[in-house]
Amino acid sequence: MKSRNLVSFLLMSLLAVTISCTKKVDLNEKVLNLAVTSEIKGMDPIYSNDKYSSNEVGRVYEGLLEYHYLKRPYTLVPNLAETLPEVSEDGLTYTFKIKKGVLFHDDKAFEGGKGRELVAEDFVYSIKRLADPKLQGLGWWLLSGKVKGLDAWREKNAEKEVVDYSEEVEGLRALDKYTLQFKLNKQFPQFLYSLAMPFTFAVAKEAVDHYGKEFLNHPVGTGPFMLGEFRQTAKKFSYTRNPKFRKKLFPSEASDEFKHMLKYAGKPLPFVDRIEINVVKEDQPRWLNFLKGRVDYIGIPKDNFEAAVTPGKGLGDEFAKKGVELSISPSLDVTYTAFNHDLKLLQNRDLRRALALAYDVKEFNKLFYNGTALPAQSVVPPGIAGYMPDYVSPYRNRDLAKAKELLAKAGYPDGKGLPEITYDCPSSSTSRQIGELFKKQMAEIGVNIKVVQNSWPELQKKITKRQVMLYGIAWGADYPDAENFLQLLYGPNKSPGANGSGYDNPEFNKLFAKASIMQDSPERTAIYEELNKMAAEEVPWIYGVHRQSYLIKHSWLRNYMTTDFEAGQAQYLDVDLDQKKKMQDKL
């Protein structure tokens, strides 16, 4: 970019930020103002395989179960189910009673524009959509091989022009209007977690039929908020409170750290009238909007970390005087650079190990996480069984001499003969910087990297279609179990499943399949640890870090806490308008 054009671009960017920050704040209506860092792929639950989409889906749609908002460790509780299910003695049959009187949002898809009552058959339909071979739902990996007859139904309909939803599936039945039953092929201890994930949330057949291919832009759920129409290119969109939301109350029990929120106990949800979502990919516009009170909470950008957080991990005086509050918590996640194992080049284990040893995680941690993250030795994060606190991977700490030795062993001494390797990443400036540092580090052993940026939906599509070589990404827990991380390397979960890298190791697959049907026990934990160690030493990915969340919020935002499972969180949040008015002059 020429210098004159660059100056013009910067001035326009600053002007855009100024306009955004000087927009008048509404102090008469309870509005939750949020900034998200990436485009939203769409509002169809079966495609909500990233946190951005699943968080938005969770504002409109609901599932049978959810996590108790005020309890840690994470605890499943009923949501659209009346109670937790009745489970057969052999652990294979789960029977749910559905809450009566729950209504879908009013929408023209329904007769007379009035949303009808949710029934058990809606879950049968919704889960069949997830299994539909024509739709290629991105969460199919979650139930594949688990529900009796569902895989056979999927395979049979793959050969038909039109999928037959009327055909009964033995393991997925509505016994009556309000009774839903699942029968499993084998014990699956994580099954209930899957029913708290957006992939399995209830949709209405009428809405799917009415909107057709545009259904992903016209969400119609039972949830606390409504969104009339959505566009993937939208940089701003707004939810309104569902006026017919059922009687759902704020919890009356809490873990010790959340007991101060119990003053809301028994109050009907949701508390805010609207949610305003702004898609702001760049850190500094997001940060400036937070400082002006246009965003209610934000993760602290790396370039502003030292200004906001003291060396003692407290909040700087300037922020504390403005009523800003700091929250620090570990995240159940892992960042990584994945290899495409479909490519013969990257099936070369010595090459993968060489690249891993050329990667300086300490530099990445310092530059992009202010040294607050924990270098990942393998895939399983701290906080769940299977993580090994004392284990150190032989391919984790940077060793350029060893990296060059392995590169030569792989057949590419000093990188000679090795083709250029593309590294795909999201299109934010931080992601670009991460890619450029990766490129610089790999060049030190003679490996030529080309950084390719993509919008988030484009990157997801390229991973699914196997159109990448290396890609930088992160995985946050779908549920609090090591199985959810280890399944990312399970061969049968290859794309369009969760195993985007396509790693397929028969020994790993066999051990994983054994552990996946075991109840929580020391024996299962031992297998998890063995799998975690195998994942480290085979280097199917280059492991990054397990992050910590450093988040700041304004004092008027009530009931907020960091959580690994954000879908549905907005219904519990409140905005104290008196406090917001009081603090405006200080911002």
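**Close-up 1. Trp153 is a buried residue, with a relative accessible area of 2%.** This view, like the others here, comes from a predicted model. Let's look at the partner of this tryptophan: Trp153 pairs with Tyr165, and the arrangement is edge-to-face, with 5.6 Å centre to centre and 80 degrees between the planes. Trp153 belongs to helix 4 (residues 150-158), whereas Tyr165 sits in the loop between helix 4 and strand 6 (172-176). The two residues are 12 residues apart, and their pair links distant parts of the chain. In the whole structure, a search finds 33 aromatic pairs.

**Close-up 2. Helix 11 (residues 361-369) holds both Phe364 and Phe368.** These two rings form a tilted aromatic pair, 6.0 Å centre to centre and with 40 degrees between the planes. They are four residues apart, about one turn of the helix. An α-helix has 3.6 residues a turn, so residues three or four places apart point the same way. Both Phe364 and Phe368 are buried.

**Close-up 3. Helix 11 has a buried side, made up of Val361, Phe364, Asn365 and Phe368.** Why do these residues fall on the same side of helix 11? They lie there because the arc they cover around the axis is only 100 degrees. Turn to the face pointing away from that buried side and you will find the exposed residues Lys362 and Lys366. The cover over the buried residues of helix 11 includes strand 14 (374-375), helix 13 (429-443) and strand 19.

**Close-up 4. Five aromatic residues, Tyr67, Tyr74, Tyr193, Tyr479 and Phe565, form one cluster.** Elsewhere, two lysines are worth a look for their place over aromatic rings. Lys146 lies over the face of Phe188, at 4.6 Å from the ring centre. Lys267 is placed over the face of Tyr264, at 4.8 Å from the ring centre.

**Close-up 5. Leu64 and Phe182 have the most contacts inside the largest nonpolar core, which has 130 residues.** Which helix gives the largest share of this core? Helix 3 (residues 120-131) does, with seven residues. Setting aside neighbours within four places in sequence, Leu64 is in contact with Pro78, Asn79, Leu80, Ala81, Phe96, Ile98, Phe123, Leu180, Phe182 and Leu195. There is also a second, separate core of 37 residues, whose members include Tyr423, Phe438, Met469 and Val539.

**Close-up 6. Thr337 is found in strand 13 (residues 333-339).** Is Thr337 buried or exposed? It counts as buried, because its relative accessibility is 6%. Not counting residues up to four places away in sequence, Thr337 touches Tyr423, Phe438, Leu470, Tyr471, Gly472, Trp541 and Ile542. Among these neighbours, Tyr423 and Phe438 are named members of the second core.

**Close-up 7. Asp333 and Arg547 join their side chains in a salt bridge (2.6 Å, N to O).** Here the pair links distant parts of the chain, 214 residues apart. Asp333 is in strand 13, and Arg547 is in the loop between strand 19 (545-546) and strand 20 (548-553). Asp333 counts as buried because its relative accessibility is 5%, whereas Arg547, at 28%, counts as partly exposed.

**Close-up 8. A salt bridge brings together the side chains of Arg116 and Glu206 (2.6 Å, N to O).** Side chains of opposite charge can pair when their charged atoms come close. Arg116 lies in the loop between strand 5 (93-97) and helix 3, while Glu206 lies in helix 6 (residues 205-211). This pair, too, links distant parts of the chain, with the two positions 90 residues apart in numbering. Arg116 is partly exposed, with a relative accessible area of 24%, and Glu206 is partly exposed as well, at 27%.

**Close-up 9. Asp520 and Arg524 meet through their side chains in a salt bridge (3.6 Å, N to O).** How do the two partners sit with respect to the surface: buried or exposed? Asp520 counts as exposed, at 59% relative accessibility, whereas Arg524 counts as buried, at 5%. Another place to visit is the network of salt bridges that links Glu29, Arg274 and Glu276. Across the structure, the count comes to 37 salt bridges.

Note on methods. Residues numbered from 1 in each chain as written. Predicted model: local features only at pLDDT ≥ 70, side-chain atom pairs only at ≥ 80, totals over all residues. Heavy atoms only, no water. Phe/Tyr/Trp six-rings, centres within 6.5 Å; stacked < 30°, edge-to-face > 60°. Buried < 20%, exposed > 50% of the residue type's maximum accessible area, 1.4 Å probe, protein only. Lys NZ or Arg CZ within 6 Å of the ring centre and 35° of its normal. Contact = heavy atoms within 4.5 Å. Core = buried A, V, L, I, M, F, W, Y, C linked by side-chain atoms within 4.5 Å. Salt bridge = Lys/Arg side-chain N within 4 Å of Asp/Glu carboxyl O. Arc of directions from axis to C-beta.
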